[in-house]
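Here are my comments on the model you sent, set out as numbered points. I begin with the ligand and then turn to the strands and helices.

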Amino acid sequence: MKPLMQQWPDDLAAHYRARGYWTGETFGEVIERVARDHAGRTAVVCQARRWTYAELLERADRTAAAFRAAGLEPGARVVVQMPNRAEFLQVVFGLFRAGMIPVFALPAHRLTELAHFARKAQAQALVIADRHDGFDYRDLAGQLQQAVPAVSRVFVAGDPGPWQAIEGPGDAPPAAPLQADPGAVALVQISGGSTGLSKLIPRTHDDYLYSIRASNAICGLTQDSVYLAALPVAHNFPMSSPGIFGAIHAGATIVMAPSPSPDVAFPLIEQENVTITGLVPPLALLWLRAAARSGHDISSLEVLQVGGAKFMPEAARRVRPELGCTLQQVFGMAEGLVNYTRLDDPEDVIVHTQGRPISPDDEILIVDDRGAPVAEGEPGNLLTRGPYTIRAYHDDPAANARAFTDDGYYRTGDVVARTAEGNLVVRGRASDHINRAGEKISAEEVEDHLLARDDVFDAAVVSLPDPFLGERICAFIVPEGDAPPAAEIKRWMRARDIAAFKVPDQIVFVEGFATTAVGKISRKELRARLREEALTNG
Ligand code: J2J
């Protein structure tokens, strides 16, 4: 198997340990310690169920036993595709307790994505929930196993159907957890696509736990906090900034929301006295709209985090007066670096900036296209390295050569400016993906799907501004012969076993694409031109 690892230079690693960022604790140890210190407190609320920390640990250990009994060994990679349910925690901490490595897929992913993750990670198992949102994941599991036979075991939360339950037999002795290496990879996150298919992001116990612990301090998360998991928890933001893992680390309570919509979330906030949650900007807009006419008392909410895409100041300034809580802007990435506005920042900073890094040892460079630092306040490309930012994607030399500098900086693809007080303002993006309501979609990946049609001669996919989504996906298509109906193309995309959020929102047929006098222009340039034209033509 290709080793999953993440390596910092020795001198920096020593520095991060000496500064107390990397503590040597592992996720398996964290849950044991927290379950001891907070045994009787509520760890998670999910519909009518409430589990204490003691119960969560006990369930995780039983699940760990079930994984071992199925022949999985420590170090096994396991694709986890589960919605916001209590069992998500049981499964993920079960894997940690067994020394196995979760690879996080989103509930919206379908066969194409799952097969890619499973192959790339060399996964041996899949864990799903039986059904969610009208979709039966047990059928998808069967398709995955056909496509990638190495995924030889499937575990199901809920009714297992033809597969195995996540619960081992009740009397299985919970084996002592492994002495996992804190510098080893704990979990695998998925990158938002910039070019082509998603890349795998290996995160270590040391680095991920540091970002979580430090996030708790910045976000004021304590054992008395109640965190509403509104966004899909497999996303890095609700998982770790500080998210569900931060809540577990603090001994706080997690309330699993089956949907982030206000009609589901507001009653939960009222009933459970939720104190903090995180949203993407389109959802924050929905919440603002709903709050005005909601009969629910959401006054327990102290902090609303908004991140994943740019939150416009016009909306940001409404949060305190209309929702009665402090806004915290979060500008982060699954590769590492996370910036927060601080809870006690002046309102102006909270409304107009995306905050500053977690760590004094987050190194930030803002450079022009030749790599020279820009003047203060000027926009430039954001590069970063630090104690919780990866040095490489898994098994992808070409992507690594593009995404990392020789001295280990990650090229974020974001264009930012830094204010005099050191806060970052996201000004744009150099990379070509589309940020659709916080979901990152690779233009190239969507183009590749479209090009699979016989009646598509060429395709270029761009982002266009959208009042609700932030950005929407627009596909410019040069047809081969007669143009097919746009609705037919969308239907066909939906049937291609991909996440529904990748289906173009808008399709524009054109006769051909511009070329320069010297020949073909780059894809990137072509997309930029089409985008410009669409914007100027309204
Ligand atoms: C503008 N763009 C933003 C923001 C992310 C916390 C919060 C978010 C993510 C996340 C995360 C933005 N304003 N406030 O992992 O831990 C865009 C940038 C960035 C990319 C990363 C976390 N917050 N973005 O969104 O890996 O372009 O992580 O590089 O999904 O989202 O996307 P992702």
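**Notes on the ligand site and the sheet**

1. In the shell around the ligand, the largest share, 4 residues, is contributed by strand β16. Please keep in mind while reading that this is a predicted model, and that every point below rests on its coordinates.

2. Altogether 18 residues surround the ligand, and the closest of them are Ser-241, Val-330, Ala-334, Asp-414 and Lys-440. By character, the shell divides into 8 nonpolar, 7 polar and 3 charged residues.

3. Which backbone atoms come within reach of the ligand's nitrogen and oxygen atoms? A polar backbone atom of Gly-308 is 3.0 Å from a nitrogen atom of the ligand, and a polar backbone atom of Lys-310 is 3.4 Å from a nitrogen atom of the ligand. On the oxygen side, a backbone N or O atom of Met-333 lies 3.4 Å from a ligand oxygen. Taken on its own, the ligand has 620 Å² of accessible area, of which the protein covers 93%. Two elements, α8 (236-240) and β16 (326-333), give two or more residues each to the shell.

4. Strand β16 also belongs to an open sheet of 9 strands with mixed pairing, whose order is β2-β1-β13-β12-β14-β15-β16-β17-β18. The edges are formed by β2 (49-52) and β18 (356-357), each of which pairs on one side only. As a reminder, strands of a sheet pair through backbone hydrogen bonds, either parallel or antiparallel.

5. Within this sheet, β12 (residues 226-229) and β13 (residues 253-256) run parallel and are joined by 4 bridges, with Ala-229 standing opposite Met-256 of β13. Helix α7 (residues 205-219) packs on the sheet, where it touches β14 (276-279), β15 (303-307), β16 and β17 (336-340), and its direction makes about 5° with that of β17. A further helix, α10 (residues 262-272), lies across β1 (42-46), β2, β12 and β13, and runs at about 165° to β12.

6. The last point concerns a hairpin, formed by β21 and β22 with 5 residues between them. Strand β21 (residues 410-418) and strand β22 (residues 424-429) run antiparallel and are joined by 5 bridges, and Ala-417 stands opposite Val-425 of β22. What is the sign of phi at Gly-422 in the turn, positive or negative? The phi of Gly-422 is positive, at about 95°. Asp-414, listed above among the residues closest to the ligand, falls within the residue range of β21.

Terms used:
Residues numbered from 1 in each chain as written. Predicted model: local features only at pLDDT ≥ 70, side-chain atom pairs only at ≥ 80, totals over all residues. Heavy atoms only, no water. Near = heavy atom within 4 Å. Polar contact = N/O pair within 3.5 Å; in protein donor to acceptor, adjacent residues only side chain to side chain. Areas by Shrake-Rupley, 256 points an atom, 1.4 Å probe, with all protein chains shown as cover. Nonpolar A, V, L, I, M, F, W, Y, C, P; charged D, E, K, R; others polar. Pairing = 2+ DSSP bridges. Contact = heavy atoms within 4.5 Å. Axes fitted to C-alpha atoms, helices over the stretch in contact; angles between N-to-C directions.
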